[in-house]
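Q: Please take a close look at one part of this model. Start with a helix contact, then place it beside some other local detail.

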Amino acid sequence: MTRPPLSRGTAGALLAALVAVVTLVSAAIFLGTAGGTTGGGEPQRRRPDAAPAAVSGWTGSWAAAPAAADPRAPAGLPGTTIRNVIHTSVGGTGARIHLSNLFGNRPLLLTHASLAVSAGPGTAAAVPGTMRRLSFGGRGAVSVPAGGDAVSDPVPLTVAPASDLLVTLYAAAPSGPVTLHPHARQVSWLARGDRTEDTGGTPYTVRTPYWRYVTGLDVWGTQAAGSAVAIGDSITDGVNSTMSANHRWTDFLAARLRSEPGAPRYGVLNEGISGNRILLSNRGGRERPNNPSALDRFDRDVLGRTGVRAVVVELGVNDILRRPQQLDARRIVDGLRRLVARAHARGLVVVGSTLTPFGGHPGVVPARQEPVRLAVNAEIRAGRVFDSVVDFDRVLRDPAAPQRLLPAYDSGDRLHPNDLGYQRMAEAVDLGALVGRPVDAAL
């Protein structure tokens, strides 16, 4: 019996179903039996006696918090290719990226996206043979809803730890306000036209200091046992560190986790936003204000990260310094405790930082603000806020003038450390605290 020909609609439906099956099978190859979770820790808190063993699965290797809508591009960047340069903390044999349209006011239609290994610092070129076209649910284009996000399908790619990758995105049509991270401390690139899969860097003639749309990179492999998320302000963001040198304190921490005996083999995800506060978001858009408070963004930027096992909190300075100034230390401490409670509900270990010195910074009135900082630090040091404490205040302050940064660690603005100061911060972190134990227990 001869079967009647399929209608165009039926054939299209079958093709779509086939693509979906292929995508699921491809993902299963990466996921295996370990399961690739896109966030959170275990249902209950764990305090292992040894560093967690690496297992096959997805781990966060890089992240940046969506922080603002680009005021210079209210219609987006139609006809422009964006080549974001990002730096890994751990490596693997496969990769996928996270995109955000958090501050968009309409769906973001990206018509073309790719991932490649960078050919080196100071260039937009890719290593030949590493260019991978990205898909989303089996499709080459993706529509990211306003206020929403998207994750690419996994691609096979050898990703080295401490290496630069190129996340390249192209939108042909206007897409609304661009979601970006404005203080990247990394040069990225722009080109006219669709240059998404160009291996050479010649078309990329415009340098840019922002990361646009991309908010995460996950790697598949056996090098890591999870990730540690640092949520903070401009000090975690790495403001005033050397441009494109990866000298934020989180970069130095990632190097320690990769190399030191007994250290948990965690990826490090930097979720710092310059100017960020615990309690208040910036005034701005009525629906989604720029620079959302830590309380507003904690679920997305911390609990929603891939393979997260520990959190490091470095927040509170801007609550004191930025208007309206919060001069009630109890409210700041209460906000920190609320963050800790949410992390504990997901089984995460929380390491908290004391508030660093800001004496001499423009606008500081020591008689008003310094007592608040000292009161918050007293509660933190007393062990009444976090699981354990990293005393960044003690590390960075000038012993002769404790309300100020030590000059050797001061970038020049009396608030942000320089590269040496950031390195010293990373050295002060007890790596064992990230799994709830002294690191020497594994030696």
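A: The answer below starts with a helix pair and then turns to a sheet edge and a loop residue.

The model is predicted: local features need pLDDT of at least 70 and side-chain atom pairs count only at pLDDT 80 or more, while totals for chains, interfaces and linings use all residues. Residues are numbered from 1 along each chain as its sequence is written, and side-chain values use heavy atoms, without hydrogens and water.

Helix H6 spans residues 329-345, and helix H7 spans 366-381. Helices are DSSP runs of H or I with at least four residues; strands are E runs of at least two. The two axes come within 9 Å and cross at roughly 40°. Axes are lines fitted to C-alpha atoms over the stretch in contact, with angles from 0 to 180 degrees between N-to-C directions. H6 and H7 are therefore oblique to each other; under 35 degrees counts as roughly parallel, over 145 as roughly antiparallel, 65 to 115 as roughly perpendicular, and the rest as oblique.

Which residues of H6 and H7 meet? Ala329, Ile332, Val333, Leu336 and Arg337 of H6 meet Val372, Ala375, Val376, Glu379 and Ile380 of H7. Contact means heavy atoms within 4.5 Å.

Now the loop. Leucine 280 sits between strand S18 (266-272) and helix H4 (294-303). Beyond its neighbours within four places in sequence, leucine 280 contacts Ser293 and Pro324. Arginine 322 is 42 residues from leucine 280 in sequence, and 9.9 Å away in space, C-alpha to C-alpha.
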